[in-house]
Protein chains: 2
Amino acid sequence: MSTASNSILETEKNSAQRAASVAFQGELGAYSQSAVYSFFGKSSVGRVVPLPTLQRVFGTLCDKNSDLDYAVVPLENSLAGTIGETVDLLISHDVRIVGETSVPVEHCLIIHKDTTLEKIKKVMSHPQALAQCREYLDADERKDWEQVSVYDTAGSVKMIKEQNLTECAGIASELAAEIHGMKVAAKGIEDDHSNATRFIVVQNSSKRSKSDESSFISTEPTGKDKTSAIFVTRHEPGALVRALTSLSSRRINLGKIESRPIRGKPWEYYFYVDFEGHQKEERCAKAIADLVYQSEELKVLGSYKKGV
Amino acid sequence: MSTASNSILETEKNSAQRAASVAFQGELGAYSQSAVYSFFGKSSVGRVVPLPTLQRVFGTLCDKNSDLDYAVVPLENSLAGTIGETVDLLISHDVRIVGETSVPVEHCLIIHKDTTLEKIKKVMSHPQALAQCREYLDADERKDWEQVSVYDTAGSVKMIKEQNLTECAGIASELAAEIHGMKVAAKGIEDDHSNATRFIVVQNSSKRSKSDESSFISTEPTGKDKTSAIFVTRHEPGALVRALTSLSSRRINLGKIESRPIRGKPWEYYFYVDFEGHQKEERCAKAIADLVYQSEELKVLGSYKKGV
């Protein structure tokens, strides 16, 4: 829990209720932080808590002494696909999904506030971000820049600031430039402008039931909802089809299905699904009852308002 | 195409047929190279071609001037899940799958041949390998070692050799120690001994039809086969269930299903499936015909003998 984040990001608190404390993975200015603001609105966030790994984000959220209200974590990217680690952590931790949001990946070339583009000889960012800006970096005037892989997009901007690097650019979000007081030299430099990341908002399940006052998000049916669940099929041919028929026979649309390896059982899988509707709706409740019957294990991760 | 690999690995050629040239991703000694030997047998491999990225492996295999016969690429790991990049490259390149093999991930602590364990102060490897050996590295006598992330497991051993590092250990396969002439200080240091990676053997489709003499692998039905395909469902509720029913209605077992994002169409997916049987068998051929009808696009990647 960075004190820097407190001083920079502490905002006016709504007098009616305590503003939310929200964790995310990455450095200040990460795309995950943009997702926090996109979902809650900047003024409803009391404190953002940047943590170095997704493991730490889930661990801290589930720690009974933690004062975190939520965590916002990436579930999938429209180019790279599902973030398997997030799905695995949803299983191993007692959390529920209470919302979702999508954030466009709009990469900026960010340089030190005291330098100019002409002085740049090197560019650093997360290897995936460097790969996503290939066309921009291959242009004649930039093709001789040395490309350096670092652990985090926003981390590259932090390094430029802390080490006073005037010959090195970073690639990260506009928010990263803003937070670290650095300069945006170019915007929207990614090859594919349709690239976006879908984030989910998770809450410690046990905490929620204890005190409803810490609940900023309603998960009552809105008529435009989505339910997420994880299941393991029986070991029989056609088991997956029978499980999915629980949904399709009720004309419930499947939004996403993802398989993940089961730990210690090579080449066996569990499935993560998103489908239309709310578990408090009859059609959906019946489908879930059916799905329980058709699977060896089932965990409903939550029903929440569609945000994507 | 490294000349080093030629001198080290050129083996006796079978007089009846030319030995195979096989590409893989990574440095010499990578787990992918172990997979090459596991599938073909060391004596049937004439030349191994280490290439830096999966993109380069597929690109080189499909280059019409290339003399490569096959590439061996990772499809999934029993802990980390599917390698999405491989699935995407299977779609975008004109290749077929002709075989598969599974290689246990057995990490070794590797040190310079002129040093001892007592002198080690630092350990480097791919971040995933470091994470997989957490228990070993957290032990009292090693917990003060600095951990450094590098791009490749076998690459850490190469660096130890080339830079004469006597205070630094690497984590990689036993093959990496053997090839680079370094010393195995400990073996089987991974936390989870069930961890394995499944590799597929791919061939340039057009090359194969041109000259059968370069075909070392028969893909005729053996009675114990597997078929891999990629499809896009129609945009209708229940479309995935109807597609999979093409298989389940014939009691064809689905071994694996994996969704991947479609480029430029956020939150739309295509599906990769492995199922039992050979496309030259009637039951399987009918299922495929049905699957063609039920999907918007279908690409059969190949039928091959089960190896996992």
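Which residue follows α2(B), and what is the sign of its phi? Gly41(B) comes right after α2(B), and its phi is positive, near 85 degrees.

Before going further, some ground rules. This is a predicted model, where local features need pLDDT of at least 70, side-chain atom pairs count only at pLDDT 80 or more, and totals for chains, interfaces and linings use all residues. Residues are numbered from 1 along each chain as its sequence is written, while chains are lettered from A and ligands numbered from 1 in the order in which they are written.

**Chain A as a whole**

Chain A has 11 helices and 15 strands; helices (H or I, at least four residues) and strands (E, at least two) are DSSP runs, numbered from the N terminus. Its C-alpha atoms fit a box of roughly 65 × 50 × 35 Å along the principal axes. The radius of gyration of chain A is 21 Å, which agrees with the value near 19 Å for a compact globule of 308 residues. That figure is taken over C-alpha atoms, and the globule rule is 2.2 Å times the number of residues to the power 0.38.

Of the 308 residues in chain A, 47% are buried. Here "buried" means that 20 or more other C-beta atoms lie within 10 Å of a residue's own; with 12 or fewer it is exposed, in between it is partly exposed, and C-beta atoms are placed from the backbone. Among contacts in chain A with a separation of 6 or more, 75% join residues 24 or more positions apart. Two residues are in contact if their C-beta atoms, placed from the backbone, lie within 7 Å.

**Domains of chain A**

Chain A splits into domain 1 (3–104 + 195–214), domain 2 (108–187) and domain 3 (225–305), with bounds that come from an automatic or database domain assignment. Where domains 1 and 2 of chain A touch, 11 residues come from domain 1 and 14 residues from domain 2. On the domain 1 side, helix α2 (residues 31–40) of chain A gives the most, with three residues. That side holds five nonpolar residues, five polar and one charged. Ala, Val, Leu, Ile, Met, Phe, Trp, Tyr, Cys and Pro count as nonpolar, Asp, Glu, Lys and Arg as charged, and the others, Gly among them, as polar.

Strand β5 (residues 95–104) of chain A has seven of its 10 residues buried, so it is largely enclosed by the rest of the structure. It pairs with β11 (residues 196–204) of chain A in the antiparallel sense over nine bridges; strands pair if DSSP finds at least two bridges between them. Gly99(A) sits opposite Val201(A) of β11(A).

Over in helix α10 (residues 239–248) of chain A we find Ser246(A). Ser246(A) counts as buried because it has 22 C-beta neighbours inside 10 Å. Leaving out residues up to four places away in sequence, Ser246(A) touches Ala287(A), Asp290(A), Leu291(A) and Gln294(A). Lys158(A) is 88 residues from Ser246(A) in sequence and 49 Å away in space, C-alpha to C-alpha.

**Inside chain B**

Back to the helix we opened with. Eight of the 10 residues of α2 (residues 31–40) of chain B are buried, including Tyr31(B), Val36(B), Phe39(B) and Phe40(B). Among the elements covering them are β1 (20–25), β3 (70–77) and α8 (174–180) of chain B.

β3(B) is mostly covered too, with seven of its eight residues buried. Its pairings look like this:

| Partner of β3(B) | Sense | Bridges | A facing pair |
|---|---|---|---|
| β1(B) | parallel | two bridges | Val22(B) and Tyr70(B) |
| β11(B) | antiparallel | six bridges | Val72(B) and Val201(B) |
| β4(B) | antiparallel | two bridges | Asn77(B) and Gly81(B) |

β3(B) and β4(B) make a hairpin with three residues between them.

**How the two chains meet**

In the contact between the chains, 29 residues of chain B meet 29 residues of chain A. On the chain B side, α10 (239–248), β13 (254–262) and β14 (265–276) each give two or more residues, and β13(B) gives the most, with seven residues. The chain B side comprises 13 nonpolar, 10 polar and six charged residues.

A turn of 180 degrees and a shift of 0.1 Å along the axis lay chain B on chain A with an RMSD of 0.1 Å. That is the relation of a two-fold axis. The superposition is by least squares on the C-alpha atoms of residues with pLDDT of at least 70 in both copies. The copies meet through the same surface, because 100% of the interface residues of chain B are also interface residues in chain A.
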